[in-house]
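Biologist: Could you take a close look at the aromatic rings for me, and then follow on to the place where the chains meet? I would love one connected walk through that part.

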Amino acid sequence: MTGQPQISIILPTHNRADVLGRAVRSVLAQTFDQLELIVVDDASTDATAELVAGFDDPRIRYLRVEKQGGAAVARNLGVRNSSASLLAFQDSDDEWTCDKLRDQYQAYAKLGKDKPCLVCCSCIFLMADGAVSWRRPDARVRQGDLAPDNLLSAFYSTPTWLMPRTTFELLGGFDESMPNLEDWEMYLRLYSQSRGANIIVLEHPFVIRHKGDDSLNDRLDARLESLQEVIARHAGIWKNQPKALASLYVTLGRTQYEMGRMRDGRDSFVRALKLDRTSPRLYLQWVFGFLGAKAYRLQRKIRT
Amino acid sequence: MGVRLLGCEGLPLAAEDQDLMPSPLISVILPTCNRTELLPVSAGSVLAQSWRDLELIVVDDASTQDVETAVRALGDDRVRYARRDVNGGPAAARNTGIAQARGEYVAFQDSDDEWALGYLQAQLAVLRLNPDAMLGLGRMFRVIGDDYRVSGTTIDGTISLEAVASRPVAYAQTWLVRRQVLEALGGFDEQLWLWEDWELLLRIAAHHRIVSVPKALALSARHRDSLTQDETRHVAVLRHIASKHCALFARLPRQRSNLYYQLAHRLYDTEGIVPARASFRRAWQSNPANAKAWIYWGLCLLHLGPVIARIRGVLRKGKPL
């Protein structure tokens with residue numbers, strides 16, 4: 001690479017030295033090589049520092065945070081210490097295919113620069129047992145037609161992003177108070193911009209997300225708290241689209257049922273019903289809340 | 001058929017120099033005919049593998065584009081360039097690569113596909129755990145229209161000859177195989193321009209143990225499958241395989257039935273109802289339980305073309321071959 005980097009990639013990490021090499025290598029192997037990679041070590045106690053030092057590539061930089069602050073803090077710090085006009089984010093668990101940045105850069109170049117922008121892409125989920133899943137972004141989403149009713153289903157998280165620095169600064173970065181879903185929260189802020197936003201999703205899966213089954217329930221817990229917080233904070237988006245907001249409460253309710261929190265789940269379904277009284281399925285789901293977690297999981301298993 | 005072998009610097013590798021270089025554990029063979037614009041991605045996914053001890057042999061199958069320059073632009077010591085002066089197709093090109101390979105194991109990549117970065121490591125781990133296994137079979141992710149398919153299995157274990165013979169699906173890009181096995185079997189059948197990998201896998205499965213490697217993932221998301229296009233080729237290939245492996249399929253009645261069934265559909269599209277009917281008949285003769293073969297045979301007998309078209313439309317909708 002000659003000259004200044006055109007894309008800064010920020011990679012927050014905490015004690016993932018076992019998989020971090022893969023995430024780093026997939027960034028350094030990009031066909032679009034005018035990049036800098038900033039690894040923000042969020043107070044790791046494992047061999048993360050040595051691992052990063054072992055990469056012989058001038059484009060990689062290492063920042064250490066001594067007191068653990070979480071992904072939002074680490075990403076914001078990384079952005080402040082980066083220089084390119086375009087930003088991308090990587091997670092320690094994930095890997096990119098070689099053409100991700102090049103294709104996204106080309107898509108970005110075609111967007112009008114009058115509004116804040118974001119280019120995402122679809123991703124493949126790879127489970128610990130080798131199971132693979134992928135969902136093609138639907139036509140509306142691919143064309144950038146986002147509306148309150150598809151804002152959760154259309155959401156692709158940070159490892160898929162390419163965002164201009166101007167957009168990031170306009171939004172004020174990630175909310176450091178959110179333990180989880182800080183990227184969806186920022187996404188909603190982007191969507192709510194008074195000027196509107198250009199958000200497009202490339203259908204090719206440039207990102208492979210490796211999912212372990214470590215402390216799944218802990219993660220679900222944090223997500224639940226954040227989901228409620230985000231919905232409350234951005235309720236205005238769904239002011240005129242009660243059904244769309246109802247579907248979010250359905251997602252919340254289902255997650256609570258999965259975790260065995262039947263009363264909380266029923267409350268969520270009641271909220272959903274208040275917004276959308278016409279769906280018989282919602283009544284059924286609410287009733288399930290009285291039958292217990294086992295019954296709920298069984299019917300899910302049967303249906304899938 | 002001339003084969004030139006160049007090192008990364010573009011200087012010809014003298015034979016004695018090749019012997020002095022340490023042998024890598026894995027030789028990856030990547031045949032290409034033009035498609036230089038895709039090379040950085042397919043070759044890139046090989047060179048970025050977590051398993052570093054490899055050589056990547058790019059076999060230029062008589063391209064008209066300047067593949068050599070594209071290969072040198074990869075800028076990695078582990079890449080070698082081999083050129084065929086006469087275009088031979090994927091089978092011949094891979095065989096050229098095998099002849100140049102120095103690794104104990106061989107893997108294959110296609111110029112328009114990619115590997116997840118842990119592919120080789122996952123393959124090696126399983127083969128080391130199973131020292132009697134000669135080939136590891138990973139998984140291939142493909143986009144089909146709005147949906148996707150993943151070949152292979154999430155279950156660890158042996159993949160039987162019956163399983164291999166059941167369907168003509170065997171992506172060479174999902175293999176890791178001992179080089180000695182390829183050499184003993186004479187490599188790919190160069191008369192085949194299609195399913196040459198399935199045909200070789202049959203021969204390997206007939207004599208050696210194949211194990212599944214669920215975590216070795218290859219990706220073919222870039223292009224829609226163009227193999228489905230030319231059905232006359234399918235007919236020629238299936239006939240060739242059926243006759244070459246007559247003895248093998250004689251021991252596998254269900255698989256032979258399926259083979260005739262597959263052939264029959266393609267005969268219907270290319271040569272007409274009568275040849276198709278004969279092949280459907282052979283299908284139920286091999287396996288009387290093959291209900292679909294009976295049904296289609298009956299429809300052919302009664303010359304109910306439109307009914308056949310309607311049923312096929314429903315049953316085969318979106319299904320790859």
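Modeller: Happy to; here are the ring pairs, then the charges over rings, then the interface.

This is a predicted model, so local features need pLDDT of at least 70 and side-chain atom pairs count only at pLDDT 80 or more, while totals for chains, interfaces and linings use all residues. Residues are numbered from 1 along each chain as its sequence is written, chains are lettered from A and ligands numbered from 1 in the order in which they are written, and side-chain values use heavy atoms, with hydrogens and water left out.

Rings of Phe, Tyr and Trp (its six-membered ring) pair if their centres lie within 6.5 Å; planes under 30 degrees apart are stacked, over 60 edge-to-face, and the rest tilted. Over all chains, that gives 22 aromatic pairs. One of them is the tilted pair of A:Phe32 and A:Tyr105, with 4.9 Å between centres and 45 degrees between planes. A:Phe32 lies in the loop between α1 (17-28) and β2 (35-42) of chain A and A:Tyr105 in helix α4 (residues 100-109) of chain A, so this pair ties together parts 73 residues apart in sequence. Helices (H or I, at least four residues) and strands (E, at least two) are DSSP runs, numbered from the N terminus. A:Phe32 is buried at 10% relative accessible area, and A:Tyr105 is partly exposed at 27%. Here buried means under 20%, exposed over 50%, and partly exposed in between (1.4 Å probe, protein chains only).

In chain B, B:Phe108 and B:Trp175 pair edge-to-face, at 6.1 Å and 85 degrees. B:Phe108 belongs to strand β5 (residues 105-108) and B:Trp175 to strand β10 (residues 175-178), so the pair joins parts 67 residues apart in sequence. B:Phe108 is buried at 0% relative accessibility, and B:Trp175 is buried at 0%.

Back in chain A, ring pairs link A:Phe89, A:Trp161, A:Phe168 and A:Phe174 into a cluster. The charged end of A:Arg75 sits over the ring of A:Phe174, 5.2 Å from its centre; the rule asks for NZ of Lys or CZ of Arg within 6 Å of the ring centre and within 35 degrees of the ring normal.

Now the interface: 28 residues of chain B and 26 residues of chain A are in contact (heavy atoms within 4.5 Å). One salt bridge crosses it, between A:Arg136 and B:Asp146 at 2.1 Å, N to O (a side-chain nitrogen of Lys or Arg within 4 Å of a carboxyl oxygen of Asp or Glu). On the chain B side, α2 (39-47), β7 (133-144), β8 (147-150) and β11 (209-220) each supply at least two residues that touch chain A.
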